[in-house]
Structure formats: C-alpha cells, structure tokens
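Here's a walk through a two-chain model, from the surface inwards. Have the viewer open and follow along.

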Amino acid sequence: VSEATGIEERPVRTYRRPLRNDWWLRRRSYFLYMVRESTVIFMVAWLVWFLYQVAALKFGGYEPPTIDDYAFIAFSVVCLFFTLWHAITFLNLSGLILRVPIGDRFLPAAVIKTVAFGGLLFVTVVGAAIMIYIGYLNI
Amino acid sequence: LPSTVPVTVQRYNPETDTAPRYQTYEVPYKEDWVVLDAILYIKDNLDATLSYRWSCRMGICGSCGMNVDGYPKLTCSTHLRDYQKGLTVEPLSNFPVIRDLVVDIEDFMAKLKSVKPWIIRELEQPLGAGEYLQSNNQIGQFQQFSQCINCMLCYAACPVYGMENEFLGPAAIALARRYNLDSRDEGSEERVKVLAASEGIWECSFVGECSAACPKGVDPAKAIQQTKFDTVNGFVMGAMLMPFGKRT
C-alpha cells in the first residue's frame, strides 16, 4: 500500500515488443549497416584462398591463377570492392573518432583523415611493390 | 490540403489486453500542427482514455518521444504536414510498454545513474578557493555531449539495445563521455569500470542510428567510438608501456 496515496500498488504488467529477425530489412540504414558488416565475409574468403595458395606453394600442387581464369578475376574484383568499401567507410570516420591533442586543442579531423588515407595508400603501394618484386625474383 | 488526417495509435491496456492493438482517429489537419497536437486533440476530443507523456512542447524536456511511422521522434518537433496521408504513432521501440504510448523508463534511469553523471573530485577544494575555471576550449570539448535531453530516442533506434537490453546504451555512454571530458572532473577511472564492462562500449557494433535519431545533435555514436579508443589507449599506455606506473 502506497504511503502517499493509501492505494494498493500492484506490479504493472508491461508488454515488450519483440525485435523481429528481419529488423535489418525494415530501414535502409539498418540494411546498409548489415551489408557493410557482411563485407568481412568476402575479405575472409579471399584471405582463406590466399592462405590455401601459400600452403599449396609450400606443400606442392600450386597452380597460379591465369589471366583467363575469369571466375578468379570476378571473385577478386568483388572481394576488392567490398574490402575498399570497408576500408574507406572505416577511415572516413577516423577524423571524428581519433583525438590527437596539441596543447589545449586537437589536431583537425581533416588532417587525421588525410593521414589515414595516405597511410592506406602507402601500405598498398609498398605491399604491391614487395609482392611484384618477389614475383619477379621467382620468374 | 486534406481536411483531416487519419492517425493510427497503438493502444495497450495492461488490465484487459494481452498484446497491443491499433486504433485510428480522424484528426483535423492544420498546417502548423505537430504530431503532439494531433495526440492532444485525440485526448481532448475523441478518446480521453489515451495515455502518453508530454510536457514542454518545445523539444527541451524529452518527454514526448514516440515512434512515428516506425521512426523514433519527438512528437512536439515532428510536423503533421509531413504526414498528410496519415501516420502511425507507437510507443518507443525496445522499451516495455506500460500503457498505450507510455513506456517504462526505469532501466534507462538506472543506466544513466550507473555512469555517475556528476563531477567527481579526488579532493574538493574549499569554497573560499573560488570556482573551478574553464577556458572556452575546455568547455568546447564536452559541450556537444551535454546537450542530451534524455528523450531515449537513441535507445529506440538502437538494434543492439533491442536485442540485448543489458547494453548500457547510447545516451548513458554519451553522458559519461561528457563528464570524462570535463576538465573539472577526475572520475574517469571510476566510470571506466562501467563503460568497459561487457555490457558497455564493446556491445556497440556502430550501427550509428542513435546519432541519426538524436534531435539535439549529440552524436552518441561518436561518443561511444571515442570512448572505445580512449579505453584501449589507456590500457596500452597504462598496462603495457608503463606497467609499474600508477594503477587503480
């Protein structure tokens, strides 16, 4: 019994609306979020293929993909597209999230973003150069 | 322009209903009305049994948050002219419904309190020492996160909270960030226990809808991601680079 009102208080029977399994189809932004999360499947798939090729190279049975292997090219292009999408959407937010203090101010977001994309470009170019060089040595 | 607009409202009476039902009312269409005006009209003229929360009518109190056509909105800032063919008003998603458009906010209030949203000092200076002064830059660090009006739209928009109610949630984390960034505060090490717990920042998978739904531009998603970065940074600096330094 409530001391303030003298009325008997009973537990309230509430209703909780369940979240449907298709919640991510009910709003465009939810759908795009799920698509972006799914990009990792393609990234992992390509990585698994790559590791398989490395293992084949070591243990025998290695057959390098050829320029007329259209299935492999299509697979790689799709994986590259999703990987770039994932990386670009991630790095686009770097300026918003990373806070680099300079005195009592912070480095401008545009600078952080430029450095992040520059870093991606640098790592890509260096990585590609190393792989081309290794390939050249093996010819 | 239409003379009336059909407003469909989710109804739920815990004493008679086992699940919500929908009821449609014809409400006069007025160019300058907001959705809350339509709901007030229903209450005053058509059905006095309709229950809902409201207070200030100017986007300050955060009481009138509801789902309008599935999107969490402040009904006092959502114009009827954007829904001339009709609209559906439901209680905020992800919260237990007490009655009609009224949701239970106990869980939200407990989570807000859990992050200790007040200035914590290791040692209070005496009154005679004067105010704790701040520069404009120092205020600017947290000002955006201090605009939250606790309307809970971010919780209604967050599918992570919908699936896992234990999640601390966007507004509570943004509020914690507001105090962690305050130059007068020394309580971030107390808050990190709550923030970095399994129900804290790491539950967030960065859907980003909390920031899209926020009527005050608080950007809780930014607050969460920044807190993740600071937490990792603090761990690396504190536990790995300076293992014999100050520990709490």
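Let's begin with A:F122, which sits in helix α4 of chain A, the stretch covering residues 109–138. Keep in mind that this is a predicted model. With a relative accessibility of 56%, A:F122 counts as exposed, because the bar for that label is over 50%. A:F122 also has company out there: together with A:V123, A:V126, A:I130, A:Y133, A:I134, A:Y136 and A:L137, A:F122 forms a nonpolar patch on the surface. The accessible area of that patch adds up to about 870 Å².

How far can the prediction be trusted, by its own scores? The model comes with an ipTM of 0.85 and a pTM of 0.89. For chain B, the average pLDDT is 94, and 98% of the residues score at least 70.

Now for chain B as a whole. Its secondary structure is made up of nine helices and seven strands. The C-alpha trace spans about 70 × 40 × 30 Å along its principal axes. Chain B has 248 residues, and 46% of them count as buried. Its accessible surface is about 12000 Å², with 53% belonging to carbon and sulfur atoms. As for how the chain packs on itself, take the contacts between residues at least 6 apart in sequence: 62% of these join residues at least 24 apart.

Next, the place where the two chains meet. The interface involves 44 residues of chain B in contact with 22 residues of chain A. About 2700 Å² gets buried between the chains, 52% of it on carbon and sulfur atoms. The rule finds two salt bridges across this interface. In a salt bridge between the chains, the side chains of B:E209 and A:R27 meet at 3.0 Å, N to O.

B:Q226 is another residue to look at here. B:Q226 lies in helix α9 of chain B and touches A:L96, A:I97 and A:R99, along with B:F145 and B:R177, leaving aside residues up to four places away in sequence. Its relative accessibility is 5%, so B:Q226 counts as buried, the limit being under 20%.

One of those contacts, B:R177, leads on to helix α6 of chain B. Why call α6 of chain B largely enclosed by the rest of the structure? Ten of its eleven residues (170–180) are buried, so the helix is largely enclosed. The buried set is B:P170, B:A171, B:A172, B:I173, B:A174, B:L175, B:A176, B:R177, B:R178 and B:Y179. Their cover includes α2 (106–114), α3 (136–142), α4 (153–157), α7 (188–195), α8 (209–213) and α9 (220–241) of chain B.

B:N180 also belongs to helix α6 of chain B. At 23% relative accessible area, B:N180 is partly exposed, because buried would need under 20%. Not counting residues up to four places away in sequence, B:N180 touches B:D185, B:G187, B:S188, B:R191 and B:L195. From B:N180 to B:A110, the separation is 70 residues in sequence and 19 Å in space, C-alpha to C-alpha.

Here are the three residues side by side:

| Residue | Relative accessibility | Class |
|---|---|---|
| A:F122 | 56% | exposed |
| B:N180 | 23% | partly exposed |
| B:Q226 | 5% | buried |

Technical notes: Residues numbered from 1 in each chain as written. Chains lettered and ligands numbered in written order. Predicted model: local features only at pLDDT ≥ 70, side-chain atom pairs only at ≥ 80, totals over all residues. Heavy atoms only, no water. pLDDT = per-residue confidence, 0-100. Buried < 20%, exposed > 50% of the residue type's maximum accessible area, 1.4 Å probe, protein only. Helix = DSSP H or I, 4+ residues; strand = E, 2+ residues; numbered from the N terminus. Contact = heavy atoms within 4.5 Å. Patch = residues over 30% accessible without salt bridge, like charges linked within 9 Å, V, L, I, M, F, W, Y side chains within 5 Å. Areas by Shrake-Rupley, 256 points an atom, 1.4 Å probe, with all protein chains shown as cover. Salt bridge = Lys/Arg side-chain N within 4 Å of Asp/Glu carboxyl O. Buried area = accessible area lost by both parts, 1.4 Å probe.
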